[in-house]
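Please examine the sequence and the structure shown below. The paragraphs that follow lead from one part of the structure to the next.

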Amino acid sequence: MDVQRYISSGIIESHVAGLVSDSEAREVEAAIQQYPEIKAAADAVRLDMERYVQMWAVKPPAGLKQQLMARLNEVEKEEAEVPVAEDKQEKEEEEPRFVMPQIPVLKIWQYAAVAAGVLLVVSAGMNVVYMGRADALGEKIAKAEEEHVALSAEKSAFADRYQQTQKELDLLKDPAFKWIKMQAVGKHTDIVATICWNPATKEAYIIPQTLPEPPEDKQYQLWAIVNGKPIDAGVFQLGNMAKALQKMKEVTSAQVFAVTLEKKGGSTTPSLDQMFVAGKVAG
Amino acid sequence: MESAFTYTESELVQGLKAKDQKVFGYLYDRYSPALYGVAMKVLNEESNAGDVLQEVFLKIWRNIDRYDESKGRLFTWMLNITRNTAIDTLRSKAHKMDQKIQVIGDDVHLYTTNLTVHPSVDHLGLSKVLEKLTKEQRVIIDLAYYKGCTQEEISKVLEIPLGTVKTRMRNAIIQLRNLLKI
């Protein structure tokens, strides 16, 4: 701890004046015990307060001391009388206290056996009741746990969705990103996918949007085309990722972006007859 | 009736712990003006201040075993008992309405004149010292120490930010210390 800073924060003065909360007061007391410098500072402040208070000293009314001493004597008398009263009571009780009725030993055993039997029955009954309760509680706990698991799954799903949205929002706000809308080409119509690319950092993302679901054994692949030469920019998924922003391979330069349908895992060269969408990079 | 001889603080504590009424009488003579002054400043009136003072001395008599010398001087301990007892009285039903509201009232100046209890004659020299504290410095000490106000209440009354209450308090006490040195 930075003792000097603590001292100059004013907390010691506030503590001595009774200004701080109970928890803060405990903290200051602990600091006083631990650091001699803080203790010295606190003592000095207490002395200041004492002297300040002394300035306002007023002589109390003359009769007050006598009244006080009278009350003090009363208090002392009361305290002195209490134990005497107790002694008296004990003495009166002393005689009959240890007299026990005479019961034959055999009878005692009989009573004890009956009592033990009754206790056993009561205990067995209690066991049943409590076992039932334990079962019910166990069920409740299991149910609560299940709910908890479901809720945390839901929560992490929401967190993922939120992160995704946040990422998209960040890209939207970043002026360095270029947005390239790819339209349907050739025989395809009404298909749109969008590229979001930062030429400076080479980051590229795709939003598949309305690309149709590919056959089981096929996958879409993105190409960055520079001077008519296609460069692989990676494959991407559809399904529940169709509306999401998917990160692609780094793209150093591109004049046109295009998407073709390739075998699973992607190809080294694009199947140009399978081109679905393409879009020119502006500027 | 006042004792002619004096005790050191540790002799006082020992005597009190041994329930020596002579020591207690000496304690009263020695400290009652200061403690009565505290009660008067907290309560702003004489009738209750006397009751509080009796209460305080009875508490000291009964609770002397709880006093821990390692934690501070006897006088500080007694001051705190007095202050807390008086503030409790101030806050008790009878006083709650009129007094406390007055404390948090907006008019600081009206309220400071209300606080003023005439300092004892012996300390007239020192009371000049007091005049050298700014009004704000006096009020902040009095509100915290004698009225048991919270930081929020002080920030409201003095119209200063909550975050600066502690540093203002420190400045007030530093100023007080400088004045006492002269």
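A:K181 stands opposite A:T194, a residue of strand 2 of chain A. In this predicted model, strand 2 covers residues 192–197 and is joined by six bridges to strand 1, residues 178–184 of chain A. The two strands run antiparallel. Strands of a sheet pair through backbone hydrogen bonds, in either a parallel or an antiparallel manner.

Strands 1 and 2 belong to a wider arrangement in chain A, where eight strands make up an open sheet in the order 5-4-7-8-1-2-3-6, with antiparallel pairing. The edges of this sheet are formed by strand 5 (229–236) and strand 6 (246–247) of chain A, each of which pairs on one side only.

Another part of chain A carries an annotation from a record. An unreviewed UniProt entry places the feature "transmembrane region" at residues 108–130 of chain A. What secondary structure does the chain have over residues 108–130 of chain A? In the model this stretch is 100% helix and 0% strand, and the C-alpha atoms at its ends are 32 Å apart.

Chain B may be considered next. Its secondary structure comprises ten helices and zero strands, and along the sequence it therefore reads α-α-α-α-α-α-α-α-α-α under the definition of helices and strands used here. Of the 182 residues in chain B, 33% are buried. Among the contacts in chain B between residues at least 6 apart in sequence, 58% join residues at least 24 apart.

One residue of chain B illustrates these points. B:F57 lies in helix 3 of chain B, which spans residues 46–63. Is B:F57 buried or exposed? Because 25 other C-beta atoms lie within 10 Å, B:F57 is buried, the cut-off being 20 or more. The C-alpha atoms of B:F57 and B:I81 are separated by 9.2 Å, although these residues are 24 apart along the chain. Leaving aside residues up to four places away in sequence, B:F57 touches B:Y28 and also A:L68.

The contact with A:L68 leads to the meeting of the two chains. In total, 31 residues of chain A are in contact with 40 residues of chain B. On the side of chain A that touches chain B, the elements giving two or more residues are helix 2 (11–16), helix 4 (36–55) and helix 5 (64–97) of chain A. Helix 4 of chain A gives the most, with ten residues. By class, this side of chain A has 17 nonpolar, six polar and eight charged residues.

Methods:
Residues are numbered from 1 along each chain as its sequence is written. Chains are lettered from A and ligands numbered from 1 in the order in which they are written. This is a predicted model: local features need pLDDT of at least 70, side-chain atom pairs count only at pLDDT 80 or more; totals for chains, interfaces and linings use all residues. Two residues are in contact if their C-beta atoms, placed from the backbone, lie within 7 Å. Helices (H or I, at least four residues) and strands (E, at least two) are DSSP runs, numbered from the N terminus. Ala, Val, Leu, Ile, Met, Phe, Trp, Tyr, Cys and Pro count as nonpolar, Asp, Glu, Lys and Arg as charged, and the others, Gly among them, as polar. UniProt positions are given in the numbering used here, feature names are shortened, and annotations may be inferred rather than shown by experiment. A residue is buried if 20 or more other C-beta atoms lie within 10 Å of its own, exposed if 12 or fewer, and partly exposed in between; C-beta atoms are placed from the backbone. Two strands pair if DSSP finds at least two bridges between them.
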